[in-house]
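Here's a friendly walk through this structure for anyone meeting it fresh. Have the sequence and the 3D view ready as you read.

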Amino acid sequence: MHEQLLGQHSADRLISQEHIEFYRENGFVQVNDLLDEDELATLREYMEESMSAKEGLSVKTGKDNAAYARVLNQKVNTWRDHGGMATFAFHPRFAEIALRLTGAKGIRFFHDHALWKMPGDTNATPWHQDSPKWPMNEDGCMSIWIALDDVDENNGCMMFVPKSHKVGKLTNISLHDPVNIFDFVQGTELADRKPVRVPLKAGSCTFHDGLTFHYAHANKTDKPRRAYAIIYMPDGTTFNGKPHMVSDGQSCTPEEPLRGPMFPLLAKVPAQR
Ligand code: SIN
Ligand code: NI
């Protein structure tokens, strides 16, 4: 069976119209049992290999910054050094769900990252939006965040502020030396909106819009909290010319769509017959 059809069938099983409406209204949604047991075991093995391998074309961020390392042990573009990670980075099922949630005509890959919170003395990932960090003009980019361990408030589960994606793009917030994002929305009802905590079973995931306010608790346990995230963009999303470690050196032209071998089209709405 064609890969995209496979993706469509399994997306039918995992999400309903309610998920789509919830995502568009609130800027995030939980999807349970994204991975079956075999897939979860495989992704854990690949991630362990990837995190313990030397950097080639993938990049460990913040390794020389002790304050950053206390928030995240992160590797960007694991797929470039590990063929197994590439099968998950470009997985048609995940991209098909992103297509349906966003309502885009096509979904392109931007980058992936392993996001680990190391045991013991870690800090929370502070409240932020992702979009201000990315070099795109349009809204609509989003992330899948897959838990590889059961997560709750003790080891780094995520929280989201419902409907916060409607506020638009604010500012790039440092993850190790943050300003308070709620200062930017003081006096609006968003400042008082209750965040939603999302504990997950390993193999389940959330999707969140690049504009949604989100946060992750510190890891107070004695084991790493392992998560894997993929960033997607609607096909046609244009480059804004700003520096970014993933697009730097890739001959991207300002105001032109991001495309090409680094940013493949992973899912699209079937052409009408
Ligand atoms: C985290 O995994 O701690 C944060 C993820 C995110 O900011 O998207
Ligand atoms: Ni984020």
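Arg225 reaches ligand 1 with a polar side-chain atom that sits 2.8 Å from one of the ligand's oxygen atoms. Two other side chains, those of Trp145 and His214, also bring an N or O atom up to a ligand oxygen. Keep in mind that this is a predicted model. Here are the three contacts together:

| Side chain | Distance from its polar atom to an oxygen of ligand 1 |
|---|---|
| Arg225 | 2.8 Å |
| Trp145 | 3.0 Å |
| His214 | 3.1 Å |

How much of ligand 1 does the protein bury? On its own the ligand exposes 260 Å², and the protein buries 94% of that. The residues around ligand 1 include Leu72, Leu115, Lys117, Thr125, Met158 and Ala216. His128, His208 and His214 are also among them.

Two of those histidines have a second job to look at: the metal. The nickel ion (ligand 2) has His128 (NE2), Asp130 (OD) and His214 (NE2) as its protein donors, at 2.0 to 2.1 Å. Along the chain these donors follow the spacing H-x1-D-x83-H. His128 belongs to strand 5 (residues 125-128) and His214 to strand 10 (residues 214-216), so the pair ties together parts that are 86 residues apart in sequence. Are these two histidines buried or exposed? His128 has 4% relative accessibility, so it counts as buried. His214 is buried as well, with a relative accessible area of 3%.

Now for His208, which takes us to strand 9 (residues 205-209), where 5 of 5 residues are buried. Cys205, Phe207 and Asp209 lie on one side, while Thr206 and His208 lie on the other, and both faces are covered. In a regular strand, side chains alternate between the two faces of the sheet.

Which strands pair with strand 9? Strand 1 (residues 28-31) runs antiparallel to strand 9 and is joined to it by 4 bridges; here Phe28 has His208 as its bridge partner. Strand 6 (residues 142-147) is also antiparallel to strand 9, with 5 bridges between them, and Ile146 is partnered with Cys205.

Phe207 from this strand shows up again in the largest nonpolar core, which has 53 residues: Phe207 and Tyr232 touch the most other members. Helix 6 (residues 92-102) gives this core its largest share, 6 residues. A second core, separate from that one, has 17 residues, including Phe28, Tyr68, Phe160 and Leu200. Nonpolar side chains tend to be buried together in soluble globular proteins.

Technical notes:
Residues numbered from 1 in each chain as written. Chains lettered and ligands numbered in written order. Predicted model: local features only at pLDDT ≥ 70, side-chain atom pairs only at ≥ 80, totals over all residues. Heavy atoms only, no water. Core = buried A, V, L, I, M, F, W, Y, C linked by side-chain atoms within 4.5 Å. Buried < 20%, exposed > 50% of the residue type's maximum accessible area, 1.4 Å probe, protein only. Helix = DSSP H or I, 4+ residues; strand = E, 2+ residues; numbered from the N terminus. Donors = N, O, S within 2.8 Å, 3.2 Å for Na, K, Ca; no water. Near = heavy atom within 4 Å. Polar contact = N/O pair within 3.5 Å; in protein donor to acceptor, adjacent residues only side chain to side chain. Areas by Shrake-Rupley, 256 points an atom, 1.4 Å probe, with all protein chains shown as cover. Pairing = 2+ DSSP bridges.
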